[in-house]
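Subject: A structure for you to look at

Hi,

Here is the structure I promised to pass on. Have it open while you read, and turn it around as you go.

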Amino acid sequence: MTSIVSRETDLLVLVDHDDQALGLRDKRSCHEGQGVLHRAISAFLFDSQGRVLVQRRHVEKPLWGGCWSNSCCTHPFFGEEPIDAAKRRVSEELGLDVELEFIYKFEYHAEWSPEYSEHELCSVFVGYVNTDPKVNESEIQAWRWESPEVLDEVIADDVSDYTPWLKLEWAELRNRGYPKRKLENSRI
C-alpha cells in the first residue's frame, strides 16, 4: 500500500499545557525552530507473543527520517478526537483495524536540528493485534515485531536511531506493566 497521508500543509491543533485548543497552524511551521506546542498521538501495537510492532520512519520524513519508532503516530485534525486520530493512522500507515485503549498523555520537547523540533502534547494508546501490517510505504521504510526485552536494551543503550518520543513513551509503558496481556484470537 502506498498513498500520501501526511503533508507539510496539514493543519495541526495548537494547545496549551492543559490541552486546551488555541488555534491551527500548518505542520511545517509547528516544527520549525523550537517548535510550537501542538496535539499528537502515538500508538503501540502488541501481538499474541507480547512483542511490540516498531517501524522505521521513511527516510524522507523531515524529522527523525530513517529512525525506528513506535507502531505509528500522527496529529489529530481539528475536531477529531485523539482516539479517532489514532485509529485512522493505524489504518492509514499499517492497514489494520484495531481496538485501541487510551493509556496516558504527556508533553515533551525534542530538538532534531537547529531548524526543527518536536513540541507535542501526546496521547498514547495501546492495541493488540494478531496479524502482520500492510504498511504504507510512503510513511514506513521497514517494520518488525520486537520483544519488549530487546527494545528495553536498545533504549537503555541510548541508540540515536530511535525517536525520542519512543524512548519516553516506552519507558512509561514498561513502568505501567506493558504488555499486560497476550492476544488469544485475532478479531481482525
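Which residues of the largest nonpolar core touch the most other members? They are F44, F46, V126, L151, W170 and L173, out of 29 residues in that core. Before you go further, keep in mind that this is a predicted model.

**The cores**

Several elements build that core: β3 (38–46), β4, β7 (100–111), β8 (117–128), α3 and α4 each supply at least two of its residues. The largest share comes from β7, with 5 residues. Try clicking on W170. Leaving out residues up to four places away in sequence, W170 touches F44, F46, V52, P148, L151, D152 and I155. There is also a second, separate core of 17 residues, and L53, V90, F125 and V135 are among its members.

**Strand β3**

Now have a look at β3, where 9 of the 9 residues are buried. A handy thing to know here is that side chains in a regular strand alternate between the two faces of the sheet. In β3, H38, A40, S42, F44 and F46 point one way, while R39, I41, A43 and L45 point the other way, and all of them are buried.

What does β3 pair with? It runs parallel to β8, and 9 bridges join the two. If you want a spot to find this pairing, A40 has C122 as its bridge partner in β8. β3 also pairs with strand β6 (residues 72–74), this time in the antiparallel sense and over 3 bridges. There you can look for I41, which stands opposite T74.

**Strand β4**

Strand β4 (residues 52–57) is largely enclosed by the rest of the structure, because 5 of its 6 residues are buried. It runs antiparallel to strand β9 (residues 140–146), and 6 bridges join them. Strand β5 (residues 68–69) is antiparallel to β4 as well, with 2 bridges between them. Q55 is a good residue to start from: it stands opposite W143 in β9 and opposite S69 in β5.

While you are around β9, find I140, which belongs to that strand. Is I140 buried or exposed? It is buried, with a relative accessible area of 2%. Leaving aside neighbours within four places in sequence, I140 is in contact with Q55, R56, H58, E93, L94 and V135. Take E93 from that list: I140 and E93 are 47 residues apart in sequence, but their C-alpha atoms are 7.3 Å apart in space.

**Helix α3**

Next comes helix α3 (residues 148–156), in which P148, L151, V154 and I155 are buried. Why do they end up on the same side of α3? They cover an arc of only 125° around the axis, which puts them there together. E153 and A156, on the other side of α3, are exposed. The buried residues of α3 pack against β4, β9 and α4 (164–175). Just after the helix, D158 takes a positive phi of about 55°.

**Salt bridges**

Last topic: charged pairs. Side chains of opposite charge can pair when their charged atoms come close. How many salt bridges does a search of the whole structure find? It finds 14.

Here are three to look up:

- R28 and E32 form a salt bridge, with their closest N and O atoms 3.8 Å apart. R28 is partly exposed at 36% relative accessible area, and E32 is partly exposed at 39%.
- E80 and R88 meet in a salt bridge at 2.9 Å, N to O. E80 counts as buried at 16% relative accessibility, and R88 is buried with a relative accessible area of 16%.
- E92 and R89 meet in a salt bridge at 3.1 Å, N to O. They are 3 residues apart in helix α2 (residues 82–94), so about one helical turn separates them. R89 is buried, with a relative accessible area of 3%.

Salt bridges that share partners also join K61, E80, R88, R89, E92, E93 and E139 into one network. You have met E93 already, as a contact of I140.

Happy exploring!

Note on methods: Residues are numbered from 1 along each chain as its sequence is written. This is a predicted model: local features need pLDDT of at least 70, side-chain atom pairs count only at pLDDT 80 or more; totals for chains, interfaces and linings use all residues. Side-chain values use heavy atoms; hydrogens and water are left out. A salt bridge is a side-chain nitrogen of Lys or Arg within 4 Å of a carboxyl oxygen of Asp or Glu. Buried means under 20% relative accessible area, exposed over 50%, partly exposed in between (1.4 Å probe, protein chains only). Helices (H or I, at least four residues) and strands (E, at least two) are DSSP runs, numbered from the N terminus. Two strands pair if DSSP finds at least two bridges between them. The arc is that of the directions from the helix axis to the C-beta atoms. Contact means heavy atoms within 4.5 Å. A nonpolar core is a set of buried Ala, Val, Leu, Ile, Met, Phe, Trp, Tyr and Cys residues joined through side-chain atoms within 4.5 Å.
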